[in-house]
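This report describes selected features of one protein model. The topics are a strand pairing, the internal cavities and the setting of a single residue.

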Amino acid sequence: MTGAESGAGYKKKLIEVALPLEIISKHSAKEKSIRHGHPSTLHLWWSRKPLAAARAVLFAQLVDDPSSRPDKYPTADDQDKRRQELFELIGELVKWENTNNQEVLSRARQEILNSCDGTPPPILDPFAGGGTIPLEAQRLGLDSYASDLNPVAVLINKALIEIPPAWKDCPPVYPGASEERMSWRGAEGLAEDVRRYGKWIRDEAEKRLGDSYPKATLPSKHGGGTATVLAWIWARTVTCPNPACGGTMPLVNKFWLGKKKGKERYIVPIVDPATKQVTFDIGGPSGEPREGTVGRSGAVCLICETQVPLTYIRAEGKAKRIGEQMMAIACEGKGRRIYLPADDSHISAASAPKPEDAPESELPEQALGFRVQAYGIDRHSNLFTNRQLTTLGIICDLVNEVRLKIEREANADDDPKREYAGAVATYLAFAASKIADFNSNFCSWMPDPKNEGIRNVFSLQAIPMIWDFAEANPFGNGSGNFLDATVRVARVLELLAPLRSGHAEQRAAQDDQFKGAVLSTDPPYYDNIGYADLSDFFYIWLRRCLSDSYPALLSTLVTPKSAELIATPFRHGGSRSKADDFFRNGLESVFASTARSTLREYPASIYYAFKQSESSDEHGVVSTGWETFLDGVVQSGWQVTATWPMRTERAGRSTSLGTNSLASSVVIAARVRAADAPVLDLRGFRAMLHAELPEALRKMQQANIEPVDMQQAAIGPAIAIYSRYSRITQADGTSMPVRTALGIINEILDDVLDEELGDVDAETRWCVKWAKQHGWNVGPYANAEILFTSTGTSLDGLTHAGVVEGRPGEVRLLTQADLDATYDPSSDVRTTVWESTLHLSKRLKDSGIDSAGAFMLRVDEARIDLDSVKALAYRLYDICERRKWSAWAMPFNELVQTWPELVEAAARARKQEQTAPVSAKQGEFDFAKAADLEEA
């Protein structure tokens, strides 16, 4: 958002001057819904960056900004025209359908070559994680170096950038497969072997385990015969602590099975008081199930109605006395699911002894995202049923058999053939990882009409306690079957078209890295995600599959923990300060190392996409995560030269609801700070913030950065000012720390947001000032009177304007619920920005985008500045967020979030009005009719 001089002799790159944020954000968010063939579906990894964003950032990081080439683009108009050409290329480059469009990629590669004197630099990502940045660097024709401490991440990166180039254009080795085609391009041959050998594993495993996964016998009302089972649905159980009962208590969060209209099904518990047992039947489509038996406050015994606290259930769990009871069977049917009650044959088939080689590695006593240890689930084997442990173990062993089988069938006495066998095994092991994610006793059954089926373990970046779980059929046709997993892996391979080899290795980011590269990385987010603890879920199976292929990488029982850069107090004796110091010092070490080794001709790009909880001290409100991250960057010698907030997440994603997750990634461009960088005093720092922040904020709002992200994103251009100086001196002569700077930045940001509304009507200014003090709560008239004087308003005027309500001695702002749903701003003689904003937000919430768009048209016709309406929405969200008024805040975030769609809807409404019959134009605009016309 803001640029700084790059340094003598350095050419500014596009990323340091301008980016087409809206098009990058649009395709980055859209990409999250693409599943088939997307590299993210190769193997699960948490908080991956979209390919589109990484591709655009890398391109802009290396391509010259036209202002750095005055010989070719001497005037501002010439430079703007050239930037637009680059923006148009980026617009094509970020489209998912152009991921392997060689014409578009060739143009991008040529631009990079032209800006790099024909020799583009290698790209280094020391926090490679899910491999997005190394993969996109490779796609752009760059040498790509990926490293990560976590062996699962290293395997993912090898599978994306190392293995496919090694076997490019090679035919498959599965007997007879290579004879079916004349040529095999890219990784197609490798993908075909993954499919063929995957089917062999599936068939061989079913031979050994088929009796454990029987078909269901259908009763006559379902047509008789048999059906393939999709899942078995279980409840965990404990013994009722009531001495007069002592029955088996099913612990069920929900009894719903399916909610499709007309096909509703649910579980019906049947209590037998004599035997103190509960059995289950299937109900529906009429009626509804009873409430679940367990929640956050405790559980209830279905037999005797005794209320049981969670402390008792946790104690039973730690004593290994939590059991399991099958409740229902979900089967394939024609156009719908068929649900049957559990029967003895299926209960018997599911009963299996625990295999002797089950993974007995211990879960961490404490870890981010883990809540299951409190219930006695303390080993990885506890995350699976015995049947699942047996099945996953056999599949892993069959992956090893495939490796040996390929070596034998290909007469593989030479190293390359052995390496190819290991390559095929790698992707088959990833398929095993996929089914592990759907074959755990921490998978749940979703009754949702659009997603009636199994939810995998890691739908969130956590393992929460699941009471009623769904056990998938790995040999069926639903989620969690092995054949489908191999097909999905193969689809990813087919779409990889590597130009050159990449390099992936296990290395702590704090270690010295490859010299002479350009940094592009997505560092860990303070205390957000416990990658190592989470990835052990997959590591235990990958190690069993691949330890012979990667003996050094997979030598430990679980993933390395002590050197992982994460601020988790439980790894530091419970000390938050020690955890913070560890993270801060680690980041400083990483960025100091890369500052020494990076090529000075190019800026680094660093992503940051998490908003930690804020804290307050004498310096104001600050964000611990931002403070620590920025401190690590700045103190290690980097100067921020530009910041770009990009929306990289889909709206409504599950991880964002009720959390501090950002919808935007803040991408920082940074260069190594000059050794002779000047010193600035506190007064100068404040003056520069006031001078530069308004323009940066305006650009962010133009890019439609959501209010929920604005405060965080705005810190970027402010810290660019802070970091361009060797130090900022405070009044006492000491150097200003990042924490103090962030407090000042937040204070001035508050002023700038108010200044944006300086030209709005007096009524709106009064409402903003009142909202900062009282929100929409009742406040004393004396406070209101003070504001009347300062803004030149009155209670009568505000009441007439329709924004406040006055009572004896009290005043309050009208809430959205108080507003008249038929209000038309174009017929109001005293329309205000405040009233227009609240009504627009209300219309969006109550009637949807088309109706709100038609209302926006009326606001525009009433000569209310729509930019001021949008600015007020930003300001109101910021006010509500700072005061923790979340219920009041979110409608304003939604208003900005949908702003582009509202503008389009307003344009449609205008077009409809212009083409409407003359008689219609003479009357009041019919919003409902306009919406009906649009729908038609």
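In this predicted model, strand 15 is joined to strand 16 by a hairpin of four residues. The two strands, residues 444-447 and residues 452-455, run antiparallel and are linked by four bridges. Within this pairing, Met-446 has Gly-453 of strand 16 as its bridge partner.

Turning to internal space, the model holds 11 cavities of 30 Å³ or more. The largest cavity encloses about 400 Å³. Its lining comprises 30 residues, of which Phe-127, Gly-129, Asp-148, Pro-524 and Tyr-531 are the closest to the centre. Two helices, helix 5 (132-139) and helix 13, each contribute at least two residues to the lining of the largest cavity. The lining of the largest cavity divides by class as follows.

| Class of lining residue | Number in the largest cavity |
|---|---|
| Nonpolar | 16 residues |
| Polar | seven residues |
| Charged | seven residues |

Helix 13 (531-546) also bounds the loop that holds Ala-563, with helix 14 (576-597) on the other side of that loop. Is Ala-563 buried, exposed or partly exposed? Ala-563 counts as partly exposed, because its relative accessibility is 30%, and the partly exposed class lies between the limits of 20% and 50%. Beyond its neighbours within four places in sequence, Ala-563 is in contact with Leu-149, Gln-510 and Phe-582. Thr-217, by comparison, is separated from Ala-563 by 346 residues in sequence and by 53 Å in space, taken from C-alpha to C-alpha.

Terms used: Residues are numbered from 1 along each chain as its sequence is written. This is a predicted model: local features need pLDDT of at least 70, side-chain atom pairs count only at pLDDT 80 or more; totals for chains, interfaces and linings use all residues. Side-chain values use heavy atoms; hydrogens and water are left out. Buried means under 20% relative accessible area, exposed over 50%, partly exposed in between (1.4 Å probe, protein chains only). Contact means heavy atoms within 4.5 Å. On a 1 Å grid over the protein atoms alone, a cavity is a set of points where a 1.4 Å probe fits but cannot get out, and a pocket is an open set with protein on both sides within 12 Å along at least five of seven lines; lining residues have an atom within 4 Å of a point. Grid points are joined across faces, edges and corners, and a volume is the space filled by probe spheres set on the points. Ala, Val, Leu, Ile, Met, Phe, Trp, Tyr, Cys and Pro count as nonpolar, Asp, Glu, Lys and Arg as charged, and the others, Gly among them, as polar. Two strands pair if DSSP finds at least two bridges between them.
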